[in-house]
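Explain where this structure leaves empty space and where nonpolar side chains face outward. Take the surface before the interior.

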Amino acid sequence: MIYFLFTWFVKLTGWIPYLLILRPCISYKNRKLQSRHIKGGAIVISNHRSVWDFAVTMYTFPTRTLRCAVAELMYRKNIFMSLLLRLLGTVRVDREARDFTFLSICAKILSRGGVVEIYPESRLPKPGEEMPLPFKPSAVYLALQTGAPIVPICNNGSYFQKKRMRVHIGTPIDVRALYREELSERENVTYITDYVRGKIIELQKELEKQKG
């Protein structure tokens, strides 16, 4: 497919600039449970610091082609941006129309063993807001529906700064194992979404302890 070839073209041509400019450092909660290679279908979630987050995640897991869920606002910026996002195989999310078609598209990708990337915060934080922002439940709904594990990661948002870009990879989360029969579906989704956000916060705190 075109998006697969184009993504690899971007990875290969951008690899050296990525290393030189961001000087990335990758760390792991447990490397034996989750390395930089993702096996099979999975949902990658990340905190959201910048529009550049997708590029960092793409290089964090270089052996897989990530299909990122992207808000309609990015497609409307200009024709070039819209074309670029389509060539990268992103999945459009129409938040204003409350259209959840993107979930069925993501489910199909996962059923074929693909990897989907979702930013549960849904938007970038505003100055002064506590990070991470409250999570939307889309990733949890998708994981419950497909059985795909959620792979949480966190970055320090150090873009084009003296400080190195650091990414901390967490261990996969089996969402179905967290499902509690005594709770309603809505209560389960809320409970599991809060649990997943807690894991991102945990990774964020561990990342803040790292030096450099």
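In this predicted model, Ile16 counts as exposed because its relative accessibility is 56%, and the class of exposed residues begins over 50%. Ile16 belongs to helix α1. Ile16 is also one of the residues that make a nonpolar surface patch of about 890 Å². The other contributors to this patch are Trp15, Leu19, Leu20, Ile21, Val51, Trp52, Leu124 and Phe160.

Helix α1 comes up again at a pocket. The second largest pocket has a volume of about 250 Å³. Its lining consists of 15 residues, of which Tyr3, Arg67, Ile109, Arg112 and Gly114 are the closest to the pocket centre. Two or more lining residues come from each of α1 (2-22) and α5 (101-111). By class, the lining of this pocket holds seven nonpolar, four polar and four charged residues.

From the open space, turn to the enclosed space. Rolling a probe the size of a water molecule over the atoms shows where empty space is left. The structure holds one cavity of 30 Å³ or more, and the volume of the largest cavity is about 30 Å³. Pro120, Phe135, Lys136, Ala139, Val140, Ile150, Thr193 and Val196 line the largest cavity. Here the elements that supply two or more lining residues are α6 (138-146) and α8 (185-208). The cavity lining divides into six nonpolar residues, one polar and one charged. Under the classes used, Lys counts as charged, and Lys136 is among the residues that line the cavity.

Notes
Residues are numbered from 1 along each chain as its sequence is written. This is a predicted model: local features need pLDDT of at least 70, side-chain atom pairs count only at pLDDT 80 or more; totals for chains, interfaces and linings use all residues. Side-chain values use heavy atoms; hydrogens and water are left out. On a 1 Å grid over the protein atoms alone, a cavity is a set of points where a 1.4 Å probe fits but cannot get out, and a pocket is an open set with protein on both sides within 12 Å along at least five of seven lines; lining residues have an atom within 4 Å of a point. Grid points are joined across faces, edges and corners, and a volume is the space filled by probe spheres set on the points. Helices (H or I, at least four residues) and strands (E, at least two) are DSSP runs, numbered from the N terminus. Patches are made of residues with over 30% relative accessible area and no salt bridge: like charges are joined within 9 Å, nonpolar side chains (Val, Leu, Ile, Met, Phe, Trp, Tyr) within 5 Å. Accessible areas come from the Shrake-Rupley method with a 1.4 Å probe; for residues, only the protein chains shown count as cover. A salt bridge is a side-chain nitrogen of Lys or Arg within 4 Å of a carboxyl oxygen of Asp or Glu. Buried means under 20% relative accessible area, exposed over 50%, partly exposed in between (1.4 Å probe, protein chains only).
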